[in-house]
Structure formats: C-alpha cells, structure tokens
Amino acid sequence: MTDDQIRAEQTLVAWARIETWLKEHAPRTFQRLPAPATEGELRSLEQDLDLAVPADVRAFYLVRNGTGPASDFDWPTSRDAPEPTGYFLPNDEGVGPLENLGAWFEGPVAAARLDDEPGQRYLPITTIDPDGFYGSFVDCTPGRGYGLLGDYAEAELPNPGEATFAAYLTEVANALCEGRGFGDDTAPRVLDGRLDWG
C-alpha cells in the first residue's frame, strides 16, 4: 500500500470507531452527522483553491461532509435552535462542510500566502465557530509539510504541526473509546445526547 492508501485506511478505521461510539453514547450527535460529500465536490474545491486535498482528508469527506449539519457552521444562529452538535471534537472544534472551506481559506491562514508565499496552500478544515477564525488546517502545499495539520488563529501566523489528519482522528478515537481526556480537555461526556469534551 502507498502512504496515501495507508492514511486513508487509518482515517476510515478511526472514524468508524468514533461513529460507533457516538451511535451508542451520543445519539443526538450521531443522528445529526451529515451525508457524504461527492468526489465532484472535492474536485471543484481543489480547482477553485488550486490545491490537492490529502488522501486522509479526502477519505473523511467521502464518508461525511463535516461533523454536523451545515446549519451548525452558518451565521446567524437562532436562540430557538438546539445547541449545535457539529463542534464535538476536542477543543470544541468541528470539521466544516466543504462549502465553507473556500471562505475560511481567505481568513487567517491567507496572510502569508497573500504577502510572501503565493504557493502556500493551507486549507482550514476545523473551526470553533462559523467565522472560521480559529481552528486547524491541513497543509496542501506541495513539499515536505504536505498533509500535516497545523493550527491557526485570528491575528496570528498559522502554526504548522507534525501530525496527519489520520493520526489526529486515531488519537481522538482512542481517547473517546478509553474515556480519557485529549490534550487539555477533560474526559468526554454526553449532555442531552450530545458529545461534549468539557
């Protein structure tokens, strides 16, 4: 198997474990998971942003177009609406739907690309709210960092990391299934059928 195939397989295995846990313990979060994205939608995003989505991220989107319904990642949010379920990953992050990524691509991760590095392609994929000002990106820039996750925040330079999306999901699945914290987060808990890392 190639490295791309290995990462895609790791993603599918980790995500299946996460969904199994959600179905058993956090049914509201599980029920609100979106349908898959299509290969055509992924290709369109790649053409629009002039990048190649790494195999592990692609594998995820072909299973689910984000971690919650698109309405969880749009403003305005209604006071009458139930608490969003899409931000159930550690640090209250959620994987956004493909249709949001283009706008986030022009957010905080764009600074270096627009100023000094026109070839840089950091694709934001997780966020803590619909603005997309804080979260994680996957490096889609050809070269040594391709496929690695980093984090970004408004008014700060993006911070490249060393882990892949597949490795991240594997660690999330391990923490979830073992009932332990992830990073600075406490152990996962369920509130009103919704996963929350506290």
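**Backbone, sheet and burial: a Q&A**

Tutor: N91 is a handy place to start: with a relative accessible area of 43%, N91 is partly exposed. Keep in mind that we're looking at a predicted model.

Student: Okay, and what is the phi of N91, roughly?

Tutor: Start with where it is: N91 sits in the loop between α4 and β1 (94–95). Most residues other than glycine have a negative phi. N91 isn't a glycine, yet its phi is positive, at about 65°.

Student: D50 has a positive phi too. Is D50 buried or exposed?

Tutor: D50 isn't a glycine either, and its phi is about 55°. You'll find D50 in the loop between α3 (39–49) and α4 (55–61). Exposed means over 50% relative accessible area. D50 comes in at 56%, so it counts as exposed.

Student: Let's do the sheet. Which strands are at the edges?

Tutor: The open sheet has 5 strands, with antiparallel pairing, in the order β1-β2-β3-β4-β5. An edge strand pairs on one side only, and that holds for β1 and β5 (159–164). Strands of a sheet pair through backbone hydrogen bonds. The two edge strands, then, are β1 and β5.

Student: And which residue in β5 is the bridge partner of D151?

Tutor: Look at how β4 (residues 148–153) meets β5: the two pair in the antiparallel sense over 3 bridges. For D151, the bridge partner in β5 is N159.

Student: T164 is in β5 as well. Which backbone nitrogen lies 3.0 Å from a polar atom of the T164 side chain?

Tutor: T164 is buried, because its relative accessible area is 10% and the cut-off for buried is under 20%. Leaving out residues up to four places away in sequence, T164 touches R7, D56, G147, L148 and L149. As for the side chain of T164, one of its polar atoms lies 3.0 Å from the backbone nitrogen of A167.

Student: Now I18. How far apart in space are I18 and T170, C-alpha to C-alpha?

Tutor: I18 lies in helix α1 (residues 3–25), and its relative accessible area of 1% makes it buried. Setting aside neighbours within four places in sequence, I18 is in contact with F88, L169, V172, A173 and L176. I18 and T170 are 152 residues apart in sequence, but their C-alpha separation in space is 9.0 Å.

Student: What about D196: buried or exposed?

Tutor: D196 lies in strand β7 (residues 194–196). Not counting residues up to four places away in sequence, D196 touches D92, A187, P188, R189 and L191. Buried means under 20% relative accessible area. D196 has 11%, so it is buried.

Student: Last one, on cysteines. How many disulfides does the structure hold?

Tutor: A disulfide is a covalent bond between the sulfur atoms of two cysteines. C140 is buried, with a relative accessible area of 2%, while C177 counts as partly exposed at 41%. For a disulfide, the two cysteine sulfur atoms have to be within 2.5 Å. The number of disulfides in the structure is 0.

Key:
Residues numbered from 1 in each chain as written. Predicted model: local features only at pLDDT ≥ 70, side-chain atom pairs only at ≥ 80, totals over all residues. Heavy atoms only, no water. Helix = DSSP H or I, 4+ residues; strand = E, 2+ residues; numbered from the N terminus. Buried < 20%, exposed > 50% of the residue type's maximum accessible area, 1.4 Å probe, protein only. Contact = heavy atoms within 4.5 Å. Pairing = 2+ DSSP bridges. Polar contact = N/O pair within 3.5 Å; in protein donor to acceptor, adjacent residues only side chain to side chain.
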